[in-house]
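Visitor: I would like to look closely at a single part rather than tour the whole, with the cut-off behind each term stated as we go. Which residues lie nearest the centre of the largest cavity?

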Amino acid sequence: MQDISFQVAVIDKDGMMQFSNLSKPNEKVDLSHREHFRVHHDSPEIDSLFISKPLKGKVSGKWSLQFTRPIFRQGRFDGVLVVSVSPDQFTALAKKLTVSGGGAVTVLRDGGEVMARYPAMESMLGKVIDISFLSLSSTPSLAGNYRRVALVDGVERIYGYTRIPEYQLSFVVGESVKKVLEPYEAHRNMVLGTAVVINLCAFFLFGLLFKALNAREGMQQKLVEREAILRQSQEVGHIGSYSLDIESKTFDCSDTMDTIFGLPPDFEKTYANWLQMISPADREIVSTAMSEAIAQRTRFSYEYKIIRPFDGRECWIQVAGEIKQGDADKSKHLVGIVVDITERRQHEEELLTAKEMAEAANVAKSLFLASMSHEIRTPMNGILGMTELALDTSLNREQRQYLNLIKSSADSLLTIIDDILDSSKIEAGKLVLENVVFDLPRMLDDAVRTLVIPAEQKGLELVADTDVDGNNNLIGDSVRIRQILFNVVGNAIKFTERGEVVVHVRQETLPGGDVQLHFKVTDTGIGIPQDKITSIFDSFSQADNSITRKYGGTGLGLSISSRLVKMMQGRIWAESELGHGSTFHFVIRLMRDGENSPSQSIILPQRKVLIVDDSNANRQFLADSLRKMGTHSICVETGQEALEEMQRAQLSGNAYDLVLLDAHMAGMDGFLVQKKMADYTPTLSPKLIMMVSAGIRGDADRCRMAGIELYLNKPIRLPELRAALLSAFELNTATIAKPSPLADGAALSGKRLLILLAEDNLVNQQLAVKLLEKAGHSVRVCDNGKDAVSLAVTEKFDLVLMDIQMPVMDGMEASMAIRAHEAQNGGHLPIIAMTANVMEGDRERCLASGMDDYLSKPIQTTKLMQSISSVCRDSVTKLTDTDRQEEFLQALPEFDYARALEKTDTEVLDIVGALALSNIPAQLAEISLALKARQLPDLQRAAHTLKGVIGYFGATPIIEYARRIEQCAREGQLEMASQHFQLMEMETGKFLAYLLHKLEARKCE
């Protein structure tokens, strides 16, 4: 659209537009009807300027004002010159005027039409408004002013106008009344506001004054009331008050204080008389303390005894007070209160007496428990030890059954005794956790293996999924952790009739380096009602009283476990549904040993393994373990499914490399599956690892008879599983095995030891001698501490096993006497304490007396041998030579002598075995004599002879040590030969124990 803010046009005498600066050429528009044309057409004789009212364009739709003048040609009317101007031009001009925000400028025609307006209002252009108000102006002339409310926008303004008659126009300028009066209004409001503030302040001050006057009266009244209440409270509470004038040494006091002190009415209340009422024992102390309080201007509170002057009765009082400052910052008054505490002191004395009696009773209880523990454990030591020895002999089925029953009953009784003692120690707050370094995987394996037999006896599957770091040494109390695990897993076994018990262990590293262990024990047993879950952790509590009668037990196990877990910064809880088994969780926090080595894992080459087991938990555990080793596995549940799967895989050309086969399954057991494997896989049967139950006798013999070379005891340990897989895949032929405690006794201590046994109980003497001699040691016995000291300082022993409670001289005195002798003469004889005392502090007292280790009775064979190995290790393993010698003298890897003997020809065993048992110790003695005599030829010959005898049995470590001794003899290295001999003695002890066991087994076949 073209801009028409300014347009010039020419209209001819007929009203046709002949020219326009905004129209196209030759464009003709008829404007004969327009006012600005008609004015000039109808009055052609008048030549004047005409301004039209606002017109809205037909085409553009825009408003404009027409300024016209007639055109004459030769004195005759010939047309009209038109100049069109937009009202916006007027608005733009008005903007330049100084008009306030509420002002307005309007151009009007005499007929009332609005020609233009500022601010612009297009709706008002051309409209006719009433302009009669102009004639009503106070100056109705060409100029004037007036005040009115505008009809257009409703704003009240003061207007000024100017009329131009010749053009019939009026210019009106209006200013908003509000803007005009705004300075005045602001000043008026300020004056009014100031007046209001002044009035409010005056009113507020008057209110404060009035309130202060009323408050003063109220405070006075309250002071009177409070004084009365205070006086009444003191009387009710028997609290007296006083005020001592320090200068005059006189005091004033309340009536209640008069009553407490028993003051007569005529009593002279002076400081000196006050002191005289204090008992002579406390008088000087109170006087000194009060003088110091006055001098230091501090508060004080004392308790002392007084003698009432009224009746001479002794009373205990408590006095408290403070200094009230006078003028010039001088102490002027001492004010305070007095309370009669005679009754309280009597109660305290009664409580102290009761406390002493309770402590005495607690000591008596502890002594009773210690005494009963000793008296019970001493015969229990004989029962358990002798039963264990008897079970290692040849017995018929009925005898073995009776002895197993005796051992089981004795173990149960010992467990009850331990539970009662632990509960008593925890209640007394005397149970202290140890912080020692222990091997977590080994501790878990040992703990779970101990529970295998009771699980197997009930026909349960025990699965141990212990996913922990393989080289994880932690700091904590491993004994108590085992105890918690025994209690929880033992309960699961006890209350499960069929199915399985699964032990999950997971570890998590916490911020700061500590380790959190999460144990989860799941069973398929009877379950626990929801309303009983929390109460099972209370002392002497079980889910149902009938359970105690059916399953036995004291109900202390879980209570002790719960409190032990809390002591380890952990928690324990249970999840269960009646009839659907239970899951027990416990979480404990331990410190990590800073010397941990990084864990080692193996990745096996790709092999296809079939897992056959009727236990879902065990299948899952094995599959997860194999997956972590990089091996794919398929799981089946029954023997028949296993045979069909092996046949299918072989026919498809993707046969299995290995089968992990459970020996004991419902229907078709593992041994029957092994027999049928040749029928189902005729081309090439896969390798086989049989999984047998550790608690069932004869499984190992059945494996040997069936030609099964590799077998694993359940629950499966990850190290044993890795070793078996390496062996099966011929990646490493070494098999991990661990001899029995008795068979390994001599090996644990490093050599055949001469041991001094100090024990006054005949049964314990016989038991210890049998155990030690069976492990290959020599034993000397005495029955009191005095003889033990005499023998220890006059003869040479490798070790002392010392009982604590003995006649003449007890074990601790004897130990201190031996250590005193060593302090003067040098040396260190290892001493192990053996005692039936297991109360708090017994171990610490034994170690403080100079003993090296501590064993509680009944003596367990494994712990005894481990303790001997621990205290004697330093004397066996100290090798001081060059770097080359140290490398040459390193002990050989662990060897499976049992496996070597299994491979030995039976005729060789029958002919040479018994002879070797007697000849090998003699040959060792020859080597020892040659070393002492420094006879190199004799040493070389004796070592060579021993090597030939051992060669019959394939005992590789002994053969290697004999070869080294022979080489050292040729090179003249006696010191190195002597150290090799010590290592060879250790290995020979292991071998002879296995050989003896093998020959005894041959006799029973």
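**The largest cavity and the sheet beside its lining**

Guide: Seventeen residues line the largest cavity, and those nearest its centre are Thr106, Ile129, Ala150, Val152 and Tyr159. Four elements each give two or more residues to this lining, namely strand E8 (104-109), strand E9 (114-118), strand E10 (143-149) and strand E11 (156-164); strands here are DSSP runs of E with at least two residues, helices are runs of H or I with at least four, and both are numbered from the N terminus. Among the elements, E8 gives the most to the lining, with three residues.

Before going further, please keep in mind that this is a predicted model, in which local features need pLDDT of at least 70 and side-chain atom pairs count only at pLDDT 80 or more, while totals for chains, interfaces and linings use all residues. Residues are numbered from 1 along each chain as its sequence is written, and side-chain values use heavy atoms, with hydrogens and water left out.

A cavity is a set of points, on a 1 Å grid over the protein atoms alone, where a 1.4 Å probe fits but cannot get out, and a lining residue has an atom within 4 Å of a point. The search of the whole structure finds five cavities of 30 Å³ or more, and the largest has a volume of about 260 Å³, where grid points are joined across faces, edges and corners and the volume is the space filled by probe spheres set on the points. By residue class, the lining of the largest cavity comprises twelve nonpolar, one polar and four charged residues; Ala, Val, Leu, Ile, Met, Phe, Trp, Tyr, Cys and Pro count as nonpolar, Asp, Glu, Lys and Arg as charged, and the others, Gly among them, as polar.

The strands named above also belong to a sheet. It is an open sheet of five strands in the order E9-E8-E12-E11-E10, with antiparallel pairing, two strands being paired if DSSP finds at least two bridges between them. E9 and E10 are its edge strands, each with a single partner strand, so one side of each is left without a neighbour in the sheet. From one strand to the next the twist averages 20°, with axes taken as lines fitted to C-alpha atoms (for helices, over the stretch in contact) and angles running from 0 to 180 degrees between N-to-C directions.

Tyr159, one of the residues nearest the cavity centre, can be followed through the pairing. E10 and E11 pair in the antiparallel sense over seven bridges, and there Tyr146 stands opposite Tyr159 in E11. E10 and E11 also form a hairpin with six residues between them, and Gly154 in the turn has a positive phi of about 75°. E11 is in turn joined to strand E12 (residues 169-176) by eight bridges, again running antiparallel, and here Tyr159 stands opposite Gly174 in E12.

A helix completes this view: helix H2 (residues 87-95) lies across E8, E9 and E12, running at about 35° to E9, where contact means heavy atoms within 4.5 Å. H2 thus lies across E8 and E9, two of the strands that give residues to the lining of the largest cavity.

Technical notes
1 Å grid on protein atoms, 1.4 Å probe; cavity = no way out; pocket = protein on both sides within 12 Å on 5 of 7 lines; lining within 4 Å.
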